[in-house]
Amino acid sequence: MSTTANPLRPELANLPVRMRNLPVDDKGYPVALFDKVDPQCWMLVVENALCRICGERLGLRVVFVLDPASAVGRVTDSIPAHYECANWWACHLAGEGCVALWICRHYAIMHDRERRPYIRLQDLDRVEWYAGGRLATRDEVRRAIESGLFNAREERPEAAKDLNRLVQSLLPAR
Ligand SMILES: [Zn+2]
């Protein structure tokens with residue numbers, strides 16, 4: 001498991017200041033403080049507005065790192081982060097698939113039928129999409145979202161127009 005004794009990969013040396021004290025795993029990657037936590041810890045972290053990645057207190061504006069389906073559905077179980085932390089994460093560790101940085105101020109804590117907590121996103125200041133360590137193109141984002149929406153369209157054709165409008169509102173300009 002992780003220990004601070006592991007050296008960070010040299011190509012990751014540009015860590016945001018807030019992330020410099022994070023533990024480093026044996027492959028040289030920083031370990032987010034609250035990535036895999038039980039529901040009780042999840043509640044404490046979210047209620048106290050701590051960053052999922054660095055563990056420090058969040059400001060008024062927070063950032064959720066979302067897959068396309070969560071961005072469209074505005075529901076997630078991921079804990080919010082600082083912009084610098086989330087942006088670094090999306091650029092270095094998110095892999096090839098499209099991820100959204102959902103930048104917002106308001107969100108509500110909900111519970112599912114098994115009493116597991118999750119978050120309903122209530123507003124959106126701005127969304128940024130990343131793929132393969134860089135900003136994703138409009139086409140990449142459209143494809144990523146569409147692949148997740150195909151079933152929804154088949155099942156509820158009457159909602160397809162609303163879905164199309166929603167998708168348009170989330171796409172980057174280029
Ligand atoms: Zn942070």
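**Exercise 1. The sheet that holds β1**

In what sense do β1 and β3 pair, and over how many bridges? Then place both strands in their sheet and describe the surroundings of β1.

*Solution.* The model is a predicted one.

Step 1. Between β1 and β3 the pairing is antiparallel, and five bridges join them. Two residue pairs can be checked on the structure: L66 has A100 of β3 as its bridge partner, and V63 stands opposite I103 in β3.

Step 2. The order β1-β3-β6-β7 describes an open sheet of four strands with antiparallel pairing. The edges are taken by β1 and β7 (134–135); each has a single partner strand, so one side of each lacks a neighbour in the sheet.

Step 3. An edge position in the sheet does not settle burial, which has to be read residue by residue. V62, F64 and L66 point one way from β1, V63 and V65 point the other way, and all are buried. Five of the five residues of β1 are thus buried, so the strand is largely enclosed by the rest of the structure.

**Exercise 2. The other sheet strands**

Find the order of the strands in the sheet that contains β5, and give its bridge partners.

*Solution.*

Step 1. Three strands make up this open sheet, in the order β2-β5-β4, with antiparallel pairing. β2 (75–76) and β4 (107–111) are the edge strands; each has a single partner strand, so one side of each is left without a neighbour in the sheet.

Step 2. Take the β4 side. β4 pairs with β5 (residues 117–121) over five bridges, in the antiparallel sense. H111 has P117 as its bridge partner in β5, and I109 has I119.

Step 3. Take the β2 side. Two bridges join β2 and β5, again in the antiparallel sense. Here V75 is partnered by R120 of β5.

Step 4. Look at the connection. β4 and β5 form a hairpin with five residues between them, and R115 lies in the turn.

**Exercise 3. Two residues with positive phi**

For A49 and R115, give the phi angle, the location and the degree of exposure.

*Solution.*

Step 1. A49 has a positive phi of about 55° although it is not a glycine. R115, also a residue other than glycine, has a phi near 65°.

Step 2. A49 sits in the loop between α1 (39–47) and β1. The loop between β4 and β5 holds R115.

Step 3. Count neighbours. A residue is exposed with 12 or fewer other C-beta atoms within 10 Å and buried with 20 or more. A49 has 14 C-beta neighbours inside 10 Å, so A49 counts as partly exposed. R115 has 7 other C-beta atoms within 10 Å and is therefore exposed.

**Exercise 4. The core and helix α3**

Which residues have the most contacts inside the largest nonpolar core, and which elements supply it?

*Solution.*

Step 1. The largest nonpolar core has 31 residues, and I53, V65, C85 and A86 have the most contacts inside it. At least two residues of this core come from each of β1 (62–66), α3 (83–92), β3 (99–104), β6 (126–131) and α4 (138–155).

Step 2. Follow I53. Leaving out residues up to four places away in sequence, I53 touches M19, A32, L33, A81, C85, A86 and W89.

Step 3. Turn to α3, where C85, A86, W88, W89 and A90 are buried. An α-helix has 3.6 residues a turn, so residues three or four places apart point the same way. The buried residues of α3 pack against β1, β3 and β6.

**Exercise 5. The chain as a whole**

What is the order of elements along the protein chain, and does the radius of gyration fall near or far from that of a compact globule?

*Solution.*

Step 1. The protein chain has five helices and seven strands. From the N terminus on, they run α-β-α-β-α-β-β-β-β-β-α-α.

Step 2. For 174 residues a compact globule would have a radius of gyration near 16 Å; the protein chain has 17 Å, which agrees. The C-alpha trace spans about 55 × 35 × 30 Å along its principal axes.

Step 3. Of the 174 residues in the protein chain, 24% are buried. Among contacts between residues at least 6 apart in sequence, 54% join residues at least 24 apart.

Notes:
Residues numbered from 1 in each chain as written. Predicted model: local features only at pLDDT ≥ 70, side-chain atom pairs only at ≥ 80, totals over all residues. Core = buried A, V, L, I, M, F, W, Y, C linked by C-beta atoms within 7 Å. Contact = placed C-beta atoms within 7 Å. Rg over C-alpha atoms; globule rule 2.2 N^0.38 Å. Pairing = 2+ DSSP bridges.
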